[in-house]
Amino acid sequence: MRRILIFIIGTIFLSGCMISKTFYLIKSANIEHGGNSIYLMEKNSKIPKVLLGFNFPVSMRKSKGDVLRLYSAKIDFTNGIKGLDYSDKKYRYLEVLNDVFISKSNGEKIKIAKESIVYNYKKFSDTESPFAYIYTNQKFTGPVTLELGKVKINGEIYNIPPLHLQRYKESASWGLVDDFLMQGNVRNKPLYESGKWLDD
């Protein structure tokens, strides 16, 4: 009986809760990419120098649909390791130069006018996190193709090829022990992690 009780208590403390989130990642594109980012080449450069990334969808107040958030940064190669240099502000301020299109798998094509794209740094010039927000006014569930067209970063214009996106579900589980011991908002490594593509 004692062993059973110890087993039950141990299971409760170790099991904790499962946290899952679903978001879009790049499934394929005719450009170097990884996860939710693409790598851009500046003129006369032999290696990618600029990262263009996105979060989709993000939750925004007063939004009737999914919101796409864009950001950019300089790629830094220190000791041959690819990293991001957020201190170089010139690479943080991006601008989309044309209308944006998102195509669904059923052939429906949604147009978002460039005039409706919201740049938080234009309203808050002292922001430390410059973003461009694209309000789609649509809810997306299946694979989509994102056409950003021309994007300007640090005075250079990049012609972005179509990005084929697909939903990805990521799950992680932390034990209750971790919840008791965690300091601030920092968690230890989860007990369990998994991820899978959806809508294949």
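The lining of the largest cavity in this predicted model holds 7 nonpolar residues, 1 polar residue and no charged ones. Its members are Ile38, Leu52, Gly53, Phe54, Leu70, Leu146, Leu148 and Leu163. Gly counts as polar here. Strand β4 gives the largest share of this lining, 3 residues. The space inside comes to about 40 Å³. The count of cavities of 30 Å³ or more is 1.

From the cavity, turn to the packing. The largest nonpolar core has 34 residues. Leu40, Leu52, Leu70, Leu94, Leu148, Ile153 and Leu165 have the most contacts inside this core. Strand β4, residues 50-58, supplies the largest share, 4 residues. Another core lies apart from the largest one. This other core has 8 residues, including Tyr39, Leu51, Val58 and Ile75.

Ile153 is a good place to look at contacts one by one. Beyond its neighbours within four places in sequence, Ile153 is in contact with Leu40, Val50, Leu52 and Ser72. Contacts of Ile153 also include Tyr91, Tyr93, Leu94 and Tyr158.

Next comes the open space. The largest pocket has a volume of about 320 Å³. Two or more lining residues come from each of β10 (118-119), α2 (120-123) and β11 (132-135). The pocket lining consists of Met60, Arg61, Lys62, Val118, Tyr119, Asn120, Lys123, Phe124, Tyr133 and Tyr135. By class, these divide into 6 nonpolar, 1 polar and 3 charged. Arg and Lys count as charged, and the lining includes Arg61, Lys62 and Lys123.

Two single residues complete the tour. Lysine 104 sits in strand β8, residues 100-104. Is lysine 104 buried or exposed? Its relative accessible area is 22%, so lysine 104 is partly exposed; buried would need a value under 20%. Leaving out residues up to four places away in sequence, lysine 104 touches Ile110, Gln138, Lys139, Phe140, Pro143 and Val144. One of these partners, phenylalanine 140, is 36 residues away in sequence. The C-alpha atoms of lysine 104 and phenylalanine 140 are 8.1 Å apart.

Asparagine 30 belongs to a loop, the one between β1 (17-29) and β2 (33-34). The relative accessible area of asparagine 30 is 73%, so this residue is exposed; the cut-off is over 50%. Leucine 163 stands 133 residues from asparagine 30 along the chain, with 7.8 Å between their C-alpha atoms. Leu163 also brings the reader back to the start, as one of the residues lining the largest cavity.

How values were computed
Residues numbered from 1 in each chain as written. Predicted model: local features only at pLDDT ≥ 70, side-chain atom pairs only at ≥ 80, totals over all residues. Heavy atoms only, no water. Buried < 20%, exposed > 50% of the residue type's maximum accessible area, 1.4 Å probe, protein only. 1 Å grid on protein atoms, 1.4 Å probe; cavity = no way out; pocket = protein on both sides within 12 Å on 5 of 7 lines; lining within 4 Å. Points joined across faces, edges and corners; volume = space filled by probe spheres on them. Contact = heavy atoms within 4.5 Å. Core = buried A, V, L, I, M, F, W, Y, C linked by side-chain atoms within 4.5 Å.
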